Amino acid sequence: MPVPVRLDRQLISDASLAPLADKVEVGERLSFDDGVALFKSSDITGIGHLADSVNRAKHGDRVMFAANQHINPTNICILRKTCVFCSYARLPKEDGAYRYTMEQIWEEAATANSTLTREFHIVGGLDMKAGLAYYQEMFRGLKERHPQVHIKALTAVEIAHIARIEKMSVRDTLIALHEAGLDTMPGGGAEVFSPGVRATIADKKLSGEEYIAVHREAHSLGIRSNCTMLYGHVETYEDRIAHLAMLRDLQDETGGYLAYIPLAYHPDHNELGETLHRTGTATSGFDDLKNLAVGRLFLDNVEHIKSHWIMVTPFVSQISLHFGVNDLEGTVVREKIYHEAGAHTAQAMTLDQILRLIRGAKKVPVERDSFYRVLRTFDDDPTLTSPRNELTAA
Ligand code: V47
Ligand code: SF4
């Protein structure tokens with residue numbers, strides 16, 4: 001919910017942000033035009049100050065993280081040819097195509113016992129041979145082996161795919177997966193809702209309205225989810241804000257979103273990157289910080305804004321803690337989707353590295369569970385203000 005905040009107006013140099021700052025100060029909701037004005041402005045310090053003030057009013061100096069582990073069970077996907085931004089998907093007979101057997105899933109998950117893993121984050125392709133039974137067996141088996149681990153699995157697009165191949169309603173599919181162990185859903189698959197952008201980068205994918213409808217159904221069943229936006233390709237500022245407005249509307253209706261995560265487009269090894277002549281050039285730090293800050297300011301009804309360090313680097317993630325972000329993607333053990341698309345970041349961060357990153361920003365690390373309940377607060381470290389806590393390696 002919007003909260004009134006105290007601003008230092010001297011930190012905002014762009015005069016066009018003044019009316020918007022008035023609204024932020026009294027906790028008034030930003031309009032579509034305000035959102036676009038934020039993206040158009042180059043006053044990154046001013047935008048950062050606005051987002052940081054709202055974030056501090058909500059969360060103080062605390063930064064949350066969860067010890068999670070990504071599992072990508074299959075990269076076989078029927079949309080391989082039409083999601084032109086995706087470097088991960090393969091056709092069934094293509095080189096590198098894989099679908100894990102249950103034994104491989106158990107093997108991949110086994111490290112959870114020797115780490116602090118509290119959440120499996122499971123997403124993959126739209127594979128005709130990975131239907132309801134495949135995921136039911138996977139979730140039941142994982143819960144049996146790791147009863148303490150939360151399962152955050154399957155994007156709205158994957159849920160709709162399973163429903164389609166099983167000839168079931170989305171609601172019944174969600175109920176069946178929930179019963180098998182799915183606890184919450186990740187926010188992937190949203191990309192950008194604008195029909196024009198979708199036709200260019202993700203033709204044939206679930207429409208924006210359909211994505212929202214799956215999330216609405218999930219929320220009505222008590223399955224909470226995250227929301228995302230894939231930015232930095234062909235979308236306009238107006239497309240971005242229209243997308244965020246749809247997420248904000250659903251959140252007003254259901255309150256089911258836990259966190260918003262802007263996803264920075266990675267252009268390597270995919271058709272879109274080649275068409276845009278962008279291979280090797282991902283989004284800029286400037287735009288990464290702006291997307292996080294605008295998420296905090298525009299989505300006034302979403303409590304948590306998460307920075308995904310794998311996508312924007314640990315360094316930008318660290319700075320983002322002063323640009324409206326209160327949550328860091330966790331100790332990911334192995335990740336494929338962005339590394340196929342050119343991410344050069346490490347595949348995993350240890351607890352110690354996460355703590356150093358947060359403390360290096362002079363913030364207090366808090367380990368959370370998947371529902372954002374506090375598990376541990378690391379506020380008793382005597383070296384909190386020591387330069388040794390600066391991030392040195394990731
Ligand atoms: O839907 C695919 C994106 C998403 C590329 O909910 C790409 O906590 C950048 O769901 N460049 C899947 N992005 C990942 C996902 C996710 C990730 C982090 C946190 C959460 C959460 C969810 O990955 C896809 C798509 O939007 N993606 N290809 C690419 N080349
Ligand atoms: Fe398939 Fe998802 Fe990649 Fe699209 S983004 S091709 S749906 S794996």
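This report walks through a predicted model, from its two ligand sites to its sheets and a few loop residues.

## Around ligand 1

Let's start with ligand 1, which has 23 residues around it. The ones that come nearest are F85, G187, G189, E191 and H266. If you sort the shell by residue type, you get eleven nonpolar, nine polar and three charged residues.

Oxygen atoms of the ligand have polar partners on the protein. On the backbone side, a polar atom of G189 sits 2.6 Å from an oxygen atom of ligand 1, and a backbone N or O atom of G187 lies 2.8 Å from an oxygen atom of the ligand. On the side-chain side, N226 brings an N or O atom to 3.0 Å from an oxygen atom of ligand 1. As for cover, ligand 1 on its own has 620 Å² of accessible area, and the protein covers 96% of that. Strand 5 (225-231), strand 6 (257-264) and helix 14 (337-340) are the elements that give two or more residues to this shell. Strand 6 supplies the largest share, with three residues.

## Around ligand 2

Which residues are around ligand 2? They are C77, L79, C83, F85, C86, A89, G125 and K205. By type, that shell splits into six nonpolar, one polar and one charged residue.

F85 links the two sites: it is listed around ligand 2, and it is also among the residues that come nearest to ligand 1.

## Strands 2, 3 and 4

Now for strand 3, which covers residues 119-122. E119 and H121 point one way from the strand, F120 and I122 point the other way, and all of them are buried.

Strand 3 has a parallel partner in strand 2 (residues 68-71), joined to it by four bridges. Four bridges also join strand 3 to strand 4 (residues 150-153), again running parallel. I122 is a handy residue to click on here: it is the bridge partner of I71, and it stands opposite A153 in strand 4. To get from strand 3 to strand 4, the chain passes through helix 5 (residues 132-145), making a right-handed β-α-β crossover.

## The seven-stranded sheet

There is also an open sheet of seven strands, and its order is 5-6-7-8-1-9-10 with mixed pairing. Strand 5 and strand 10 (374-377) are the edge strands, each pairing on one side only. Strand 5 and strand 6 also turn up in the ligand 1 story, as both give two or more residues to its shell.

Elsewhere in this sheet, strand 7 (residues 304-307) pairs with strand 8 (residues 327-328) in the parallel sense, over two bridges. Within that pair, K306 stands opposite D327 in strand 8. As general background, strands of a sheet pair through backbone hydrogen bonds, either parallel or antiparallel.

## Loop residues worth a look

Two residues other than glycine have a positive phi: H269, near 60 degrees, and K362, also near 60 degrees. H269 belongs to the loop between strand 6 and helix 11 (271-275). Is H269 buried or exposed? H269 counts as exposed because its relative accessibility is 58%, and the cut-off for exposed is over 50%. The C-alpha atoms of H269 and Y237 are separated by 26 Å, with the two residues 32 apart along the chain. K362 is in the loop between helix 15 (351-360) and strand 9 (364-368). At 42% relative accessibility, K362 counts as partly exposed.

S370 is placed in the loop between strand 9 and strand 10. S370 counts as buried because its relative accessibility is 6%, and buried means under 20%. What does the side chain of S370 make a polar contact with? The partner is the side chain of E119, at 2.7 Å. That brings us back to strand 3, where E119 is buried and points the same way as H121.

Definitions and conventions: Residues are numbered from 1 along each chain as its sequence is written. Chains are lettered from A and ligands numbered from 1 in the order in which they are written. This is a predicted model: local features need pLDDT of at least 70, side-chain atom pairs count only at pLDDT 80 or more; totals for chains, interfaces and linings use all residues. Side-chain values use heavy atoms; hydrogens and water are left out. A residue is near a molecule or strand if one of its heavy atoms lies within 4 Å of it. A polar contact is a pair of N or O atoms within 3.5 Å; within protein, one must be able to donate a hydrogen and the other to accept it, and residues adjacent in sequence count only if both atoms are side-chain atoms. Accessible areas come from the Shrake-Rupley method with a 1.4 Å probe; for residues, only the protein chains shown count as cover. Ala, Val, Leu, Ile, Met, Phe, Trp, Tyr, Cys and Pro count as nonpolar, Asp, Glu, Lys and Arg as charged, and the others, Gly among them, as polar. Buried means under 20% relative accessible area, exposed over 50%, partly exposed in between (1.4 Å probe, protein chains only). Two strands pair if DSSP finds at least two bridges between them. A crossover is right-handed if, with the strands pointing away from the viewer, the path from the first strand over the helix to the second runs clockwise.
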